[in-house]
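Trainee: Could you pick one spot in this model and walk me through it slowly? I'd like to see how it links up with what surrounds it.

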Amino acid sequence: MEKYRNTIEFEVYGDYALFSDPVTRVGGEKSSYHIPTYEALKGITESIYWKPTIKWIVDAVRVMRPIQTETKGVRPIGYNGGNELAYYTYLKDVCYQVRAHFEFNLNHPELEKDRNENKHHNIAKRMVQRGGRRDVFLGTRECQAFVEPCVFGEDKSYYDDMPGEIAYGFMYHGITYADEAVLSEEQDRMTVNFWRPVMKKGGIIEFLRPEKCPEKRFIKEMKRKVFGQENFSGLQEFEGEEVTG
């Protein structure tokens, strides 16, 4: 597994997690996948540090604690108002090691002056040390999580002595928005990606890049956002000014 020079590694943990498929999660009951989705881990990484100049690629996740579930009765707000009764099945007592790196988002040529790899990498590493810039959640907002720096592969995982591999079958991977489209057929579209993950010895799951996912569904047409003085107050930062926080 390649480690890029602008890689960050962190541990994220919490009491509960809910990683479900948003394509089918319209309402009613919700049940978590046994492993985190690429999209959820990417969202966590963006909560640690994100700028439109870069896009995060999640390389791998390592499951540290045994996979356990717990079902709770909840009363979500119904579409027609009031509350409904539903049962959500969460993962409980979760902990993951994550490895990710960033690339410059070439869909934003207006931010070309901000393509300073060293600056963004140093800020990202500092934000890992501080637990992230924004609140961190494991799949849904009610599943609050915490972030700490780690060395990917160190410390003991519950699955270190797993004799073989676990295949999880057809599974939701994530969404490619127009802002981060790489393939020509994904330009100006929202695309949902699917794949078939495998957990290897040590609890390690190596992710496919979004554009490499074998199954895709095009949801709708959309345009990328163009950042400028009229809609982005922090544009002056992209003139080469060093950021310290």
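Mentor: Let's start with Asp188, keeping in mind that this is a predicted model. Asp188 has a relative accessibility of 31%, which is neither under 20% nor over 50%, so it counts as partly exposed. Look for Asp188 in the loop between β9 and β10. Its backbone is worth a look too: phi is positive, about 60°, although Asp188 isn't a glycine. Most residues other than glycine have a negative phi, so it makes sense to stop here.

There's another aspartate to put beside it. Asp155 also has a positive phi, about 70° this time, and again it's no glycine. Asp155 belongs to the loop between β7 (144-149) and β8 (166-167). With 59% relative accessibility, over the 50% cut-off, Asp155 counts as exposed.

Now go back to Asp188 and take one step along the chain. The charged end of Arg189 sits over the ring of Phe218, with 4.2 Å to the ring centre. You can find a similar arrangement at Lys72, whose charged end sits over the ring of Tyr90, 5.4 Å from its centre. Tyr90 has other company as well: together with Tyr16 and Tyr88 it makes up one aromatic cluster.

While we're on rings, how many aromatic pairs are there? The count comes to eleven. One of them is Phe19 with Tyr96, an edge-to-face pair with 6.1 Å from centre to centre and 65° between the planes. Phe19 lies in the loop between β1 (7-17) and β2 (30-31), while Tyr96 is in strand β5 (residues 86-104), so this pair ties together parts that are 77 residues apart in sequence. Are these two buried or exposed? Phe19 is buried, at 1% relative accessible area, and Tyr96 counts as buried at 2%.

A second pair takes us back to β10. Trp195 and Phe207 have ring centres 5.4 Å apart and planes at 35°, so we call the pair tilted. Trp195 lies in strand β10 (residues 189-195) and Phe207 in the loop between β12 (204-206) and β13 (215-221), which means the pair ties together parts twelve residues apart in sequence. Trp195 is buried, with 5% relative accessible area, and Phe207 counts as buried too, at 11%.

Phe207 also leads us to a pocket. The second largest pocket holds about 150 Å³ of space, and Phe207 is among its lining residues, along with Glu206, Leu208, Arg209 and others. Strand β3 (residues 54-63) gives the most to this lining, three residues. Sorted by class, the lining has six nonpolar, one polar and five charged residues.

The other end of our starting loop has a pocket story as well. The largest pocket has about 560 Å³ of space. Of its 30 lining residues, Glu39, Lys42, Gly43, Glu46 and Tyr177 are the closest to the centre. The elements giving two or more residues to that lining are α1 (38-48), β6 (136-137) and β9 (171-176). And β9 is where you came in: the loop holding Asp188 runs between β9 and β10. The largest share of the lining, seven residues, is from α1. By class, you get 15 nonpolar, eight polar and seven charged residues around this pocket.

Notes
Residues numbered from 1 in each chain as written. Predicted model: local features only at pLDDT ≥ 70, side-chain atom pairs only at ≥ 80, totals over all residues. Heavy atoms only, no water. 1 Å grid on protein atoms, 1.4 Å probe; cavity = no way out; pocket = protein on both sides within 12 Å on 5 of 7 lines; lining within 4 Å. Points joined across faces, edges and corners; volume = space filled by probe spheres on them. Helix = DSSP H or I, 4+ residues; strand = E, 2+ residues; numbered from the N terminus. Nonpolar A, V, L, I, M, F, W, Y, C, P; charged D, E, K, R; others polar. Phe/Tyr/Trp six-rings, centres within 6.5 Å; stacked < 30°, edge-to-face > 60°. Buried < 20%, exposed > 50% of the residue type's maximum accessible area, 1.4 Å probe, protein only. Lys NZ or Arg CZ within 6 Å of the ring centre and 35° of its normal.
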